[in-house]
Amino acid sequence: MTDIPSDMADDELPETGQLNIPAAEVAEVSADIAAAPVVGWQRALMAWAGTGRAVAEFARIEAADRSEVSALLGLGDSAKRERGLLVDIAVRWAVEANLLRLRTGILRPAKRHLHLLDDAAALWFRALSAMARPDMAFTELLAEYSGSRYRPYSPWHDLAELTAAVAGTSALDEAQLANWYARRWGLGHDHADDAEGARIAVRGLALLASALGLLTRDGDGRWTATGLGRVCAVMVALPRVELEEEPDPEISLISTPDGQAEPGFVVKVSLRHLGVWRRLRLPGELTAYGLHTVIQAAFGWHGDHLHTLDAGPFTFAPSWPVLEEAIPSEMVTLADLGTLGVRELSYRYDLGDCWDHEIIVERILPPGDVTLPECLAGRGITPAEDGGEWYEDDDGNLVPAAESEPEARRVYDLARINRVLALTLEEEEEEEEEEEEEEEEEEE
């Protein structure tokens with residue numbers, strides 16, 4: 001078995017300086033997403049399903065329809081014995097991404113997601129997210145494709161590790177990928193069965209990676225990471241990075257040409273099951289940590305507790321205190337997430353009481369349209385933090401009891417919220433200026 005570069009087997013934590021950030025340019029990432037086979041598969045399958053198609057158990061395509069669907073998915077170059085299985089994987093993948101609905105043996109497009117057909121990035125991110133929470137029907141299909149040797153406890157975990165391994169080199173051939181997999185899982189290097197098992201397992205992972213546009217193979221059979229793959233590789237590595245200092249606010253995961261403005265976003269942030277929401281207009285330059293700051297101001301939270309922000313398989317949290325498996329939220333902007341197709345996020349404030357907020361991207365605005373965060377609308381009183389009376393409603397849900405005089409900061413007041421947002425931004429700018437002055441004094 002061919003050896004991989006020694007640094008790929010090194011388990012030491014990298015430093016931020018060892019990561020290539022920005023990982024890619026926005027044009028390259030967008031092109032990789034648009035060209036990702038899984039995006040075309042999902043569009044073709046939603047059109048094919050139409051008003052309903054009969055399928056076998058677990059959404060397997062009927063034999064009479066396999067040739068038609070295979071042609072729609074562009075699988076004509078695949079080995080004939082594999083085409084049916086690849087069709088089933090593609091269909092089940094769309095079901096996992098909630099783009100197709102399976103009810104009583106009939107496959108139909110999910111109507112609430114039909115608007116995503118014109119949004120390649122959103123389709124791509126839903127496919128990626130499906131890898132983080134697949135059901136047994138999907139993982140068994142992957143195992144069948146890879147000779148029942150694939151370890152499917154988390155396809156995204158293995159897929160992410162593979163992408164990061166390839167992105168850390170110039171290119172790897174199939175033997176080197178198999179060697180990486182054998183080392184990753186502690187398989188014997190000299191045992192023929194282990195070597196063959198590693199080769200077959202990597203084949204299944206490579207299928208997923210190439211379908212997602214993370215890896216591409218050249219004419220010599222060597223695998224390289226695309227710009228999109230490099231971005232994902234950095235996001236996978238960041239939770240394990242040793243930060244020597246606070247992240248540079250000027251660094252973005254995905255770069256834009258000098259002088260090019262970022263798009264803006266209109267999002268609706270809702271406290272689940274409580275009828276409390278705020279609609280916000282946000283600049284793309286805002287980081288994930290900045291989004292936390294804006295939500296705190298808009299809802300009147302005190303900011304005394306830890307928080308996380310989740311998008312698909314990725315979790316974001318402040319660089320300090322360190323949360324396991326979390327990407328530093330100061331290092332990713334809303335524009336980065338928008339480029340990757342993130343249209344829904346979950347924000348949890350207070351990891352004990354778990355105030356869960358749902359964030360929906362309602363509109364993407366032209367570049368340069370938004371320069372400062374602003375609250376546009378809202379409703380409801382934010383529940384009391386660290387206390388307050390609760391009661392059980394008719395459905396058994398715990399809901400906060402009405403308060404005679406809730407704190408003013410928790411009551412929806414558009415003018416007050418925007419004043420607080422303005423003050424918060426002024427304070428942050430002053431802190432940044434003070435830090436710059438301190439750095440200049442130290443250099444002198």
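## A walk through the predicted model

Strands β3 and β4 (residues 106–109) are joined by four bridges and run in the antiparallel sense. Keep in mind as you look around that this is a predicted model. If you want a spot to anchor your eye on this pair, find arginine 103, which sits opposite isoleucine 106 in β4.

Now widen the view a little. The open sheet here has three strands, in the order β2-β4-β3, with antiparallel pairing. At its edges are β2 (53–54) and β3 (100–103), each of which pairs on one side only. Lying across β2, β3 and β4 you'll see helix α2 (residues 37–49), which runs at about 115 degrees to β4.

Next come two more helices. Two packed helices are described by the angle between their axes and the distance between the axes. For helix α3 (residues 63–72) and α4, the angle is about 75 degrees and the axes are 9 Å apart. Angles of 65 to 115 degrees count as roughly perpendicular, and α3 and α4 are therefore roughly perpendicular to each other. Where they meet, α3 brings Arg66, Val69 and Ser70, while α4 brings Arg83, Gly84, Leu85, Val87 and Asp88. Sorted by class, that contact is a mix of three nonpolar, two polar and three charged residues.

Two names from that contact turn up again: Arg66 and Asp88 belong to a network of salt bridges together with Arg60 and Glu144. Side chains of opposite charge can pair when their charged atoms come close. Across the whole structure, a search finds 14 salt bridges.

Which residue does arginine 203 meet in a salt bridge? Its partner is glutamate 82, at 1.8 Å from N to O. Arginine 203 is in helix α9 (residues 192–211) and glutamate 82 is in helix α4 (residues 80–96), so this pair ties together parts that are 121 residues apart in sequence. As for their surroundings, glutamate 82 counts as buried, at 12% relative accessibility, whereas arginine 203 is partly exposed, with a relative accessible area of 26%.

Helix α9 has another link to show you. The side chain of arginine 199 meets that of glutamate 174 in a salt bridge (3.3 Å, N to O). Arginine 199 lies in α9 and glutamate 174 in helix α8 (residues 174–184), so here the parts tied together are 25 residues apart in sequence. Arginine 199 is partly exposed at 32% relative accessibility, and glutamate 174 is partly exposed at 37%.

Let's finish further along the chain, at strand β10 (residues 307–311). This strand is mostly covered, with four of its five residues buried. Four bridges join β10 to strand β13 (residues 344–349), and the two run antiparallel. Within that pairing, aspartate 310 has serine 346 in β13 as its bridge partner. Strand β10 also runs antiparallel to strand β11 (residues 314–317), joined by three bridges. There, leucine 309 stands opposite phenylalanine 316 in β11. The hairpin of β10 and β11 has two residues between the strands, and glycine 312 takes a positive phi near 55 degrees in it.

One last salt bridge is worth a look: arginine 348 pairs with aspartate 356, and their closest N and O atoms are 2.6 Å apart. Arginine 348 is partly exposed, with a relative accessible area of 33%.

Technical notes
Residues numbered from 1 in each chain as written. Predicted model: local features only at pLDDT ≥ 70, side-chain atom pairs only at ≥ 80, totals over all residues. Heavy atoms only, no water. Pairing = 2+ DSSP bridges. Contact = heavy atoms within 4.5 Å. Axes fitted to C-alpha atoms, helices over the stretch in contact; angles between N-to-C directions. Salt bridge = Lys/Arg side-chain N within 4 Å of Asp/Glu carboxyl O. Buried < 20%, exposed > 50% of the residue type's maximum accessible area, 1.4 Å probe, protein only. Parallel < 35°, antiparallel > 145°, perpendicular 65-115°, else oblique. Nonpolar A, V, L, I, M, F, W, Y, C, P; charged D, E, K, R; others polar.
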